[in-house]
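Colleague: Please take a close look at one strand and its setting. Then add what you can on the open spaces in the fold.

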Amino acid sequence: MRRVVVTGLGVLSPLGSNLETLWQKVSSGISGIQPLTRLKLNSGRSHVAGEVRDYIPEAHFDYRNLELLDRFAQFAIVAARAAAADAGIGIENANAHRKGVSIGSAYGGVESSDASYRLLYGENAPRLHPLTIPRLMHNAATSQVSMHLGAKGPSLSIATACASSSHAIGEAFRTIKAGAADVMFAGGSDAPLTLGVFKSWEAMRALAAGSGDASAACRPFSVDREGLVIGEGAAVLILEDYEHARARKARPYAEIVGYGATSDSAHITQPSVEGPACAMQFAMQEGGIAADEIDYINAHGTGTKLNDVMETRAIHEVFKSHARGLSISSSKSMHGHLMGASGAVELAITVLAIQKSIVPPTANYHGRDPECDLDYTPNEAMERRIRAALCNSFAFGGLNAVLAVRSA
């Protein structure tokens, strides 16, 4: 079994569209959540979101490409290009079949779907755009990244709700580990800020109201938390066989050593403790990491009443007395819940935290909930050497994915 390292990172997020801006904001506790501009909402509970505000499609694609690309696929390609440039990976025909793609998305081309339904049912349109299917299909991001980056190896698209990109990265890790590829473009992308998605989440009463200061709407683990904030974005990581990276003198950010995937098999929306706990344990077991070697957990931490309590209990279950020695944080407090892209963006943040020996904070923490009794790194980053870390993703349907990472 081969070792797998991260040699490149590319992101688009509400905290910025490059690594430097992302890290500066997330390590400073600066929120990218603002009043929603992509939709006009005349009613409802929530009017805030994590939007990628500095993105201009025409700066990245000509009009012929844009005809083919939903916003979520655009995000994936731009992030993959940035990751490839960061890793020094070019487009070469040689060994192209040893490079693969694994992209997760919860919603796929939902903007294209939403627009099509509006034309059909709202305007009685007799026909749709001929490229509607290529735009909305879930595998569009994977296929487009493959074509734009010249990757001809194992490629797949994963849709496991909010764990999609963590599963995609985990499967890419296993693909390289097993020897089926040398390089994988792995990550996730979602652009779910459509009226249908937004109002559906609102109907579940899962969204934070965002009244008052919009930037403080998402408050994971805080006693006054009131729900999640929807966001959009993408992240792609270059995963690479260690010897392959070493041969080309690449600089690893960190090493992925374990991947735990479980199903609660219990309830479609209410999380369990057992499933997430087992996923954390399996990730550490595969990585050969003892509980007391984990220094940091980038939590799923959505800011909902139920999820944050469940995750706290699962951490207690796995780490016992060491739980109180962990540094934990939820970067969703600053970028919102990016749905299927969350795990990839959060793993990029985790990798940077390991490299820089800084634990990013949980922003907007206003006080302790008795049922959330761990160290969530409230409001200010903390310097700490991070030997190993976990990145948690827990999805509706009880589908859990945890990635274990250590310093390279």
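Modeller: Here is the strand, followed by its sheet and then the pockets.

This is a predicted model, in which local features need pLDDT of at least 70 and side-chain atom pairs count only at pLDDT 80 or more, while totals for chains, interfaces and linings use all residues. Residues are numbered from 1 along each chain as its sequence is written, and side-chain values use heavy atoms, with hydrogens and water left out.

Take β6, residues 183–190. Strands here are DSSP runs of E with at least two residues, helices are runs of H or I with at least four, and both are numbered from the N terminus. Eight of the eight residues of β6 are buried. Buried means under 20% relative accessible area, with a 1.4 Å probe and protein chains only. In a regular strand the side chains alternate between the two faces of the sheet. In β6 both faces are covered. One side carries Val183, Phe185, Gly187 and Ser189. The other carries Met184, Ala186, Gly188 and Asp190.

Now its partners. Strands of a sheet pair through backbone hydrogen bonds, either parallel or antiparallel. Two strands count as paired if DSSP finds at least two bridges between them. β4 (residues 99–104) runs parallel to β6 over six bridges. Within that pairing, glycine 100 has methionine 184 as its bridge partner in β6. β7 (residues 233–241) pairs with β6 in the antiparallel sense, over eight bridges. There, aspartate 190 stands opposite glycine 233 of β7.

Step outward to the sheet. It is open, has 10 strands and mixed pairing, and its order is β5-β4-β6-β7-β1-β8-β14-β13-β9-β10. β5 (155–158) and β10 (327–329) are the edge strands, each pairing on one side only. On average, neighbouring strands are turned by 25° against each other, direction ignored. Axes are lines fitted to C-alpha atoms, for helices over the stretch in contact, and angles run from 0 to 180 degrees between N-to-C directions. β1 (residues 4–12) meets β7 in an antiparallel pairing of eight bridges. Glycine 8 has isoleucine 238 as its bridge partner in β7. Helix α13 (residues 342–356) packs on this sheet. It touches β6, and also β1, β7, β8 (254–263), β9 (294–298), β13 and β14 (399–407). Contact means heavy atoms within 4.5 Å. The direction of α13 makes about 170° with that of β13.

Next, the open spaces. A pocket is an open set of points, on a 1 Å grid over the protein atoms alone, where a 1.4 Å probe fits, with protein on both sides within 12 Å along at least five of seven lines; lining residues have an atom within 4 Å of a point. Points are joined across faces, edges and corners, and a volume is the space filled by probe spheres set on them. The largest pocket holds about 460 Å³. It has 27 lining residues, and Thr269, Pro271, Thr304, Asn307 and Phe396 are the closest to its centre. Two elements give two or more residues each: α11 (305–319) and β13 (388–395). α11 gives the most, with three.

The second largest pocket holds about 200 Å³. Its lining includes Arg38, Lys40, Glu111, Asp114 and Arg118. Helix α4 (residues 110–122) supplies the largest share, four residues. Serine 116 also sits in α4. Serine 116 counts as buried because its relative accessibility is 8%. Beyond neighbours within four places in sequence, serine 116 is in contact with Leu128 and Thr132.

Conventions: Buried means under 20% relative accessible area, exposed over 50%, partly exposed in between (1.4 Å probe, protein chains only).
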